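This briefing is for a reader who is meeting the structure for the first time. Please look over the sequence and the model before reading on.

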Amino acid sequence: MRVKARKRPLPTAGKVVGIVALLAFALFPAYWMFSSAIDPEAATRGARILPAGVTWDNFVTVIDDGGFGHYLRNSIVVAIGAVVFSSVLALLAAVAVSRFTFRFRKSILVLVLMVQMVPLEALVIPLFLQMRTLGMLNSLLGLTIVYIAFSLSFAIWMLRGFVAAVPVELEEAAYLDGASWGRMFWKILLPLVAPGVVATSVFSFITAWNEFIFALTFLQQSAKYTVPIGLQKFFGENTTDWGAVMAASTLITLPVIVFFVLVQRNLSSGLTAGSVKG
């Protein structure tokens with residue numbers, strides 16, 4: 001007897017409307033930001049959906065007159081430094097707490113989790129005093145170190161789960177085949193935990209890219225400003241240049257989009273895919 005294959009039901013009108021509504025809700029702020037950035041009448045746009053025209057003067061004003069290109073470079077340096085060092089340190093710490101047994105191991109994990117629970121606002125003054133003592137105020141290096149410290153606790157906890165999910169038998173088999181610890185780490189363990197490393201790098205990048213309070217507190221010269229501080233230059237006491245604000249916001253968003261495009265393939269891949277590749 002032939003068994004007729006069931007045909008998948010066509011999407012109903014309700015599903016289509018729901019998907020369109022969800023996309024519109026998610027994408028409309030980005031559309032409004034970009035359309036206002038190219039609108040020559042952004043200051044008086046009101047609730048008009050379409051821009052009055054197309055102009056790139058706002059972007060020219062932001063980059064040339066506002067010096068926003070310099071702020072972008074500073075933010076890229078800080079964000080990349082935070083991503084690289086926090087990912088490396090977190091991966092090594094995760095391997096240590098997952099694969100080795102030592103005294104106070106559980107206590108260290110609890111302390112790491114407690115650090116994540118402390119409100120950032122409560123750390124502004126202590127960190128400011130510490131950075132002043134170390135001579136790292138108005139320094140991109142000092143700001144990067146602070147961002148690395150903030151990202152580490154979350155990254156260690158996330159990578160600990162990825163490392164613990166890797167079977168110990170794979171490492172033991174590599175040792176029996178004569179592989180050193182470094183070769184086993186590079187050829188076996190790292191490919192398997194790559195999705196976790198990418199996920200933590202996304203968190204570290206967003207933290208370093210969007211953070212405002214510590215950057216405003218530690219950086220005292222405009223030459224060292226990052227993009228969140230540079231954005232406030234376009235907000236006057238009585239007036240706001242909305243065209244420049246939206247153009248600067250668009251420029252801030254572009255590196256984040258590029259970063260997600262570069263890592264989304266590894267971010268979406270699962271631990272099983274990494275095991276097959278290994």
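Helix 6 and helix 8 are roughly antiparallel to each other (over 145 degrees), because their axes cross at roughly 160 degrees and come within 9 Å. The model is a predicted one, in which local features need pLDDT of at least 70, side-chain atom pairs count only at pLDDT 80 or more, and totals for chains, interfaces and linings use all residues. Residues are numbered from 1 along each chain as its sequence is written, and side-chain values use heavy atoms, with hydrogens and water left out.

**Helix 6 against helix 8**
- Helices here are DSSP runs (H or I, at least four residues), numbered from the N terminus, and the axes are lines fitted to C-alpha atoms over the stretch in contact, with angles running from 0 to 180 degrees between N-to-C directions.
- Helix 6 covers residues 140–165, and its crossing with helix 8 is right-handed (the near helix is turned clockwise from the far one by less than a right angle).
- Among the residues of helix 6 that meet helix 8 (contact means heavy atoms within 4.5 Å) are Y147, F154 and F162, while V193, P195 and F203 are among the partners in helix 8.
- By class, this contact of helix 6 with helix 8 has 13 nonpolar, 5 polar and no charged residues (Ala, Val, Leu, Ile, Met, Phe, Trp, Tyr, Cys and Pro count as nonpolar, Asp, Glu, Lys and Arg as charged, and the others, Gly among them, as polar).

**Helix 3 against helix 8**
- The axes of helix 3 (residues 68–99) and helix 8 (residues 181–210) come within 8 Å and cross at roughly 140 degrees.
- The crossing of helix 3 and helix 8 is also right-handed, and its contact has 18 nonpolar, 6 polar and no charged residues.

**Buried residues and the core**
- The largest nonpolar core (buried Ala, Val, Leu, Ile, Met, Phe, Trp, Tyr and Cys residues joined through side-chain atoms within 4.5 Å) has 64 residues, and those with the most contacts inside it include V62, F68 and F214.
- F214 touches L120, L143 and F150, among others, when residues up to four places away in sequence are not counted.
- L251, placed in helix 11 (residues 242–268), is buried (under 20% relative accessible area, with a 1.4 Å probe and protein chains only), because its value is 12%.
- With residues up to four places away in sequence not counted, L251 touches F59, V62, I63, F68 and L72.
- T226, in the loop between helix 9 (213–218) and helix 10 (227–231), counts as buried at 3% relative accessibility.

Note on methods. Helix = DSSP H or I, 4+ residues; strand = E, 2+ residues; numbered from the N terminus. Buried < 20%, exposed > 50% of the residue type's maximum accessible area, 1.4 Å probe, protein only. Parallel < 35°, antiparallel > 145°, perpendicular 65-115°, else oblique.
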